[in-house]
Amino acid sequence: MAPKSDSAEAIVLNFVNEQNRPLNAQNVADALQKFNLKKAAVQKALDNLADGGRISFKEYGKQKIYLARQDQFEIPNNEELNQMKEQNAELQKQVENQRKAISEVEAEIKSLQSNLTLEQICEREVDLRMEVQEMENKLSKLRGGVTLVRPEEREAVENVLSEKISQWRKRKRMFKDLWDTLTENSPKDPKEFKEELGIEYDEDVGVSLQSYGDLLQHGKKRPRGQ
């Protein structure tokens with residue numbers, strides 16, 4: 001007698017036949033949790049189905065492995081197998097085409113999402129117009145000879161710069177005197193000795209004391225307020 005369609009045995013039998021692969025009670029119980037079947041009920045259903053010859057089983061020690069009866073399935077002949085292979089190849093081709101189409105659509109969506117909306121464009125335009133206006137105002141002041149830096153502020157900066165340049169020149173001279181004394185009677189080549197100690201000259205790091213001094217003198221020669 002066939003089990004009722006909504007009984008535990010019917011649910012388990014349907015699942016085993018659909019899977020058509022070796023299964024143990026835990027596999028079946030995990031897969032049928034949506035039917036609120038406990039493992040004990042699943043185990044009982046499997047045993048009843050096996051005892052009734054509805055499914056096959058084999059024992060491996062204490063473990064029972066269940067499998068759908070193979071005599072219920074039609075075995076295709078070579079011609080049918082070849083047709084199935086051709087159909088499978090065609091389906092695989094269709095799947096690949098669909099994947100490519102999906103990728104193209106996703107790429108287009110991503111591109112559209114990265115573009116600014118009309119509202120964002122308008123907001124950006126307002127910001128840019130304000131920036132342009134601000135720069136035009138500064139340019140107008142410069143053309144009109146308006147002083148953007150107060151004379152006392154300029155003088156304070158020049159004094160600080162002058163002090164730093166003086167210290168730089170003083171320390172440069174002190175190092176030269178000390179270096180000449182060290183290398184005068186040294187058997188080592190001065191260049192190799194410098195590299196060994198990790199000493200770098202101004203020109204080694206791309207700076208020039210003369211250029212900073214000229215910059216300061218040029219600034220002092222300019223009329224105040226310009």
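Visitor: Is N20 buried or exposed, or something in between?

Guide: This is a predicted model, and every value here is computed from it. N20 counts as partly exposed, because its relative accessibility is 33%, and partly exposed means between the buried limit of under 20% and the exposed limit of over 50%. N20 sits in the loop between helix 1 (8-19) and helix 2 (25-31).

Visitor: What can be read from the phi of N20?

Guide: Most residues other than glycine have a negative phi. In N20, phi is near 50°, a positive value in a residue that is not glycine.

Visitor: Which loop holds N36, and what is the phi of N36?

Guide: N36 belongs to the loop between helix 2 and helix 3. Its phi is positive, about 60°, although N36 is not a glycine. With 68% relative accessibility, N36 counts as exposed.

Visitor: How many salt bridges are found in the whole structure?

Guide: A salt bridge is read from a side-chain nitrogen of Lys or Arg within 4 Å of a carboxyl oxygen of Asp or Glu. The search of the whole structure finds eight salt bridges. One of them joins the side chains of K64 and D47, at 3.5 Å from N to O.

Visitor: Where along the chain do K64 and D47 lie?

Guide: K64 is in strand 2 (residues 63-68) and D47 is in helix 3 (residues 39-51), so the pair, 17 residues apart, links distant parts of the chain. K64 is partly exposed at 28% relative accessibility. D47 is also partly exposed, with a relative accessible area of 22%.

Visitor: Which residue is the salt-bridge partner of K176?

Guide: The partner is D180, and the closest N and O atoms are 3.0 Å apart.

Visitor: Why are K176 and D180 separated by about one helical turn?

Guide: Both are in helix 6 (residues 151-184), and they are about one turn apart because four residues separate them along the helix. D180 is partly exposed at 34% relative accessibility.

Visitor: What is the distance in the salt bridge between E196 and K188?

Guide: Their closest N and O atoms are 3.0 Å apart. E196 counts as exposed, because its relative accessibility is 54%. K188 is partly exposed, with a relative accessible area of 41%.

Visitor: Which residues line the second largest pocket?

Guide: A pocket is read through its volume and the residues around it. The second largest pocket holds about 240 Å³ of space. Its lining includes K176 and D180, the salt-bridge pair from helix 6. Also among the lining residues are W168, R171, K172, F175, W179, I199, E200, Y201, D202 and E203.

Visitor: How many residues of that lining are nonpolar, polar and charged?

Guide: The lining of the second largest pocket divides into five nonpolar, no polar and seven charged residues.

Visitor: Is W179, one of the lining residues, buried or exposed?

Guide: W179 counts as buried, because its relative accessibility is 7%, and buried means under 20%. W179 lies in helix 6. Its C-alpha is 9.0 Å from that of P190, and the two residues are eleven apart in sequence.

Visitor: Which residues make the nonpolar surface patch of about 340 Å²?

Guide: The patch is made by V205, V207, Y212 and L215. Residues in such a patch have over 30% relative accessible area. Y212 is partly exposed, with a relative accessible area of 36%, and is found in helix 8 (residues 209-221).

Visitor: In which helix is S211, and what separates S211 from Q83?

Guide: S211 lies in helix 8 and is partly exposed, with a relative accessible area of 39%. The C-alpha atoms of S211 and Q83 are 85 Å apart in space, and the residues are 128 apart along the chain.

Visitor: What is the C-alpha distance between Q70 and F193?

Guide: The distance is 89 Å, with their positions 123 residues apart in sequence counted as a separation. Q70 is found in the loop between strand 2 and helix 4 (78-114). At 41% relative accessibility, Q70 counts as partly exposed.

Terms used
Residues are numbered from 1 along each chain as its sequence is written. This is a predicted model: local features need pLDDT of at least 70, side-chain atom pairs count only at pLDDT 80 or more; totals for chains, interfaces and linings use all residues. Side-chain values use heavy atoms; hydrogens and water are left out. Patches are made of residues with over 30% relative accessible area and no salt bridge: like charges are joined within 9 Å, nonpolar side chains (Val, Leu, Ile, Met, Phe, Trp, Tyr) within 5 Å. Accessible areas come from the Shrake-Rupley method with a 1.4 Å probe; for residues, only the protein chains shown count as cover. Helices (H or I, at least four residues) and strands (E, at least two) are DSSP runs, numbered from the N terminus. Buried means under 20% relative accessible area, exposed over 50%, partly exposed in between (1.4 Å probe, protein chains only). On a 1 Å grid over the protein atoms alone, a cavity is a set of points where a 1.4 Å probe fits but cannot get out, and a pocket is an open set with protein on both sides within 12 Å along at least five of seven lines; lining residues have an atom within 4 Å of a point. Grid points are joined across faces, edges and corners, and a volume is the space filled by probe spheres set on the points. Ala, Val, Leu, Ile, Met, Phe, Trp, Tyr, Cys and Pro count as nonpolar, Asp, Glu, Lys and Arg as charged, and the others, Gly among them, as polar.
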